[in-house]
Amino acid sequence: MNKDTAIEVKDLYKEFTIYYDKANTLKERLIRLGKGKKEKRQILKGVSLEIKKGEVVGLIGVNGSGKSTLLKLMTKIIYPTKGSVQTQGKLTSLLELGAGFHPDFSGRENIYFNASIFGLTKKEIDKRLEQIIEFSELGTFIDNPVRTYSSGMYMRLAFSVAINVDAEILLIDEILSVGDQHFQEKCFKKLEELKAEGKTIVFVTHGMGAVKRFCTRAVWLHQGEIKMDGDIETVIDEYVKTTA
Amino acid sequence: MNVFKNIYNYRELLKNNVKKEIRGKYKNSVLGVLWTFLNPLLQLAVYALIFPLILRTTQPYYVIFVCIGLIPWTFFTASVSQSAFTIIANGNIIKKVYFPREILPLSVVTSGMVNFLISTIIIVAFCFIYGLGLTKYIIFFPLIMIIQFILQLGIAFILSSLTVYFRDLEHFVQIILQVMFYATPIVYGKNDIPEAFSFIIKLNPVAHLINGYRAIFYDQTIPDMKSLSILFGASVVFCIIGYLIFKKLQKGFAEEF
């Protein structure tokens, strides 16, 4: 892989087997041997993509076009049926915020839990703790159990942890609708900062405004294939034309 | 080598998980971590009553004798039965975040070992109460413990990943453990078995471990180094095979929830 490549996706195929009635036990498996109603669904069909370090890529496309699946493959939560995904540098994904939050623990304790899932050590978390708390704007609520938080507070805390992990590659899935207007603005500012620092960012969104404002490149996925890839204006213009 | 680096990078997660397993186990119970002592002690009380009084076991120092069998056995069953559902219990996180999945079985076995170390205090206490004391052979204790750890880690890798695809396994495991309890010299000694069945003990890795612990604390001699070295080699190989199976199966974890 090239030194300045952050993510390299080669001829990627992903298919899911959809069981209508999933057999979880041995008995069920034996009984239904060969009978179970199932269906293979091709989500990605030969996607190739090279993302260079420092690029900010917006993944666009209608629902079900395979955007989230592609992100999940990049972060190694799932694995390809065929083809390969290679990444270079520490990678963090913000696919779903607050995964692994423990409702009975305080916000502060959850910062430690959550950040450790992202692979940070105690020392690294200690160093970032103040910054994370400040960014979340939770103030004194930080020592209350997370189950007492409003959904907005929950999201703010989760986002603050994830964004402060210091990854070189950041994968974001449609989560920039976090919190109120003010907090969203702040998230964008933070992302701008990360962009200026030369981090690679891939994000899935339906908000064309965000893509235009923030990305350096747009990739349009349609039915599991790349329909267009390149300059933001051209891709978005085409995309809006077909969906309108 | 990549494996070790990856786990080292996520050591904080491992630490947190181990803490959570140990604390979470007795969460909401009044006596809390005290149960780590109470559990084996109460079990011990039952065996110490039944065997000498009803079954007329003549083994001297029977309390210590059973205790040395029971505590490593508890370490074994706890790791094995907990590892069977650790992946399923964490399905929610597996679906959403990447982290080295091997952290999960590893933290089950590690937290089991911490509990084991705590309850070893009971063995040591009994050794002093009954006037046996400790001898220099105690230096073999960490060695046997490490062998047990590696063996259980191998089992944990295989069970935790297979259970995701065959949920029945959890129930099989419980039955097998019950049978194994009687096929392991816990309430009886290695010499109490009729010759015709001694092969069971020879093939049972836990039996060799318990014989080792008994040599150190009870017989106060050098443990059988030949059988322990074979067990060590076999456990390492088994653990590597277990890891390879885990590595292969973990690719599908997120799609199973």
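Two strands pair if DSSP finds at least two bridges between them. The model used here is predicted.

**Exercise 1. Find the strands that pair with β1 of chain A, and give a bridge partner in each.**

Solution.
Step 1. Locate β1(A): this strand spans residues 5-19.
Step 2. Turn to β2(A), residues 38-52. Here 12 bridges link β1(A) and β2(A). The cut-off for pairing is at least two bridges. The two strands run antiparallel.
Step 3. Pick out I18(A): its bridge partner in β2(A) is E39(A).
Step 4. Go on to β4(A), residues 82-87. This strand is joined to β1(A) by 5 bridges, again antiparallel.
Step 5. Pick out Y13(A): K82(A) is its bridge partner in β4(A).

**Exercise 2. Describe the largest nonpolar core.**

Solution.
Step 1. Take the size: the core holds 127 residues.
Step 2. Name the members that touch the most others: L59(A), L171(A), A218(A) and I68(B).
Step 3. Name the top contributor: helix α4 of chain B, residues 62-89, gives 14 residues.
Step 4. Look around L171(A). Leaving out residues up to four places away in sequence, its contacts are L71(A), M74(A), T75(A), L91(A), S93(A), L94(A) and V202(A).

**Exercise 3. Break down the contact between chain A and chain B.**

Solution.
Step 1. Count each side: 22 residues come from chain A and 17 from chain B.
Step 2. Find the largest share on the chain B side: helix α2(B), residues 11-25, supplies 4 residues.
Step 3. Sort the chain B side by class: 8 residues are nonpolar, 7 charged and 2 polar.

Terms used
Residues are numbered from 1 along each chain as its sequence is written. Chains are lettered from A and ligands numbered from 1 in the order in which they are written. This is a predicted model: local features need pLDDT of at least 70, side-chain atom pairs count only at pLDDT 80 or more; totals for chains, interfaces and linings use all residues. A nonpolar core is a set of buried Ala, Val, Leu, Ile, Met, Phe, Trp, Tyr and Cys residues joined through C-beta atoms within 7 Å. A residue is buried if 20 or more other C-beta atoms lie within 10 Å of its own, exposed if 12 or fewer, and partly exposed in between; C-beta atoms are placed from the backbone. Two residues are in contact if their C-beta atoms, placed from the backbone, lie within 7 Å. Ala, Val, Leu, Ile, Met, Phe, Trp, Tyr, Cys and Pro count as nonpolar, Asp, Glu, Lys and Arg as charged, and the others, Gly among them, as polar.
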